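Visitor: Hi! I have a model open here and would like to talk it through with you. Can we start with the basics?

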Amino acid sequence: MVPLNWYLMLSAAVFMIGVFGFLTRRNIIIMFMSVELMLNGVNISLISFSHYLQDLRGQILVFFIITVAAAEAAIGLAIIIALFRNKSTAHVDEMNEMKG
Amino acid sequence: MLAKLFFGYYAVVIIFLSLLVITRKNPVHSVMWMLLLFFHIAGLYLFLNAEFIAAIQVIVYAGAILVLFLFVVLLLNLREELQVERFVGSWPAGLIIAVAIFAIVVNVIRSFVLAPPGKYSIEYIKEATHTKALGTILYTEYLFPFEIASLVLLIAIIGAIVLAKRKTRSH
């Protein structure tokens, strides 16, 4: 039997890689893929909790997370298309209209 | 022993593939590695007795979301993309933040104690079948969140159409 902690470590590692990609990549599409990576990291931990606690509610939560991820991908990619139409670039460090 | 070997293979491949996803210069390669990553995660779900979620993972993530990503990658100017630097200038700061989050989570995991198991044991699920057991909870206890999820998807459809629509100049 694999200990639950191993799954949680794997999930934390995938989440960490997602955070790193989101903070450091210039390409906005890869940034969105990093967000999907983070969601998948959380899903792994929820499914392993569901298995080890013998409770199906974790899998229900994963079901809702996948739904929201699909909605988020559709909206996010539409935003990227609108951005690309106005700025014709996909690099986040070239978008500085708000002087942030 | 065999289970640990199996998990080890999946863990190593998943971490390696996620590193490949965020470090490739060509976004098309990133999407392809991500496809392989999602299949491996679905395999891990099967290993954890979550067949329905594994099927959803393959259908929704690998089948729908990644195709959407591929369509948007087509917009990019790949020749320019292959020449510019892939990380922002302050990437060490991002690395420090990510490693700090990882350290915090690992420290929390070390003091983690598992709660007593619930009633959905493997025998129960085997008797009721996995999808039916899941559907029973989803349509009774979680009926209201389920309806809200449908609303979220509706708003996503409308929002995507409105955002991606070409502006027509009427004046």
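Visitor: How many helices and strands does chain A have?

Guide: Happy to help! This is a predicted model, and in it chain A has 3 helices and 0 strands. Starting at the N terminus, the order of elements in chain A is α-α-α.

Visitor: Is chain A spread out or a compact globule?

Guide: Chain A is more spread out than a compact globule, because its radius of gyration is 17 Å, well over the 13 Å that the globule rule gives for 100 residues. Along the principal axes, the C-alpha trace of chain A spans about 50 × 25 × 20 Å.

Visitor: And what percentage of the residues of chain A count as buried?

Guide: Of its 100 residues, 54% count as buried.

Visitor: What about contacts in chain A, what share comes from residues 24 or more positions apart?

Guide: Taking the contacts with a separation of 6 or more, 49% are between residues 24 or more positions apart.

Visitor: Let's switch to the contact between the chains. How many residues does each of chain A and chain B put in?

Guide: Chain A gives 62 residues and chain B gives 65 residues. On the chain A side, α1 (4-24), α2 (28-52) and α3 (57-87) each supply at least two of the residues that touch chain B.

Visitor: Which element has the largest share of that side of chain A?

Guide: That would be α3(A), with 22 residues.

Visitor: Nice. How do the residues on that side divide into nonpolar, polar and charged?

Guide: The side of chain A that touches chain B has 44 nonpolar, 12 polar and 6 charged residues.

Visitor: New topic, backbone angles. Which residue of chain A has a positive phi although it is not a glycine?

Guide: Have a look at Gln54(A), where phi is about 55°. Gln54(A) sits in the loop between α2 and α3 of chain A.

Visitor: Is Gln54(A) buried or exposed there?

Guide: In between: Gln54(A) is partly exposed, since 16 other C-beta atoms lie within 10 Å, and being buried would take 20 or more.

Visitor: And in chain B, which residue other than glycine has a positive phi?

Guide: Thr129(B) does, with phi near 65°. You'll find Thr129(B) in the loop between α6 (122-128) and α7 (130-140) of chain B.

Visitor: Why does Thr129(B) count as exposed?

Guide: Thr129(B) has 12 C-beta neighbours inside 10 Å, and a residue is exposed if that number is 12 or fewer.

Technical notes:
Residues numbered from 1 in each chain as written. Chains lettered and ligands numbered in written order. Predicted model: local features only at pLDDT ≥ 70, side-chain atom pairs only at ≥ 80, totals over all residues. Contact = placed C-beta atoms within 7 Å. Helix = DSSP H or I, 4+ residues; strand = E, 2+ residues; numbered from the N terminus. Nonpolar A, V, L, I, M, F, W, Y, C, P; charged D, E, K, R; others polar. Rg over C-alpha atoms; globule rule 2.2 N^0.38 Å.
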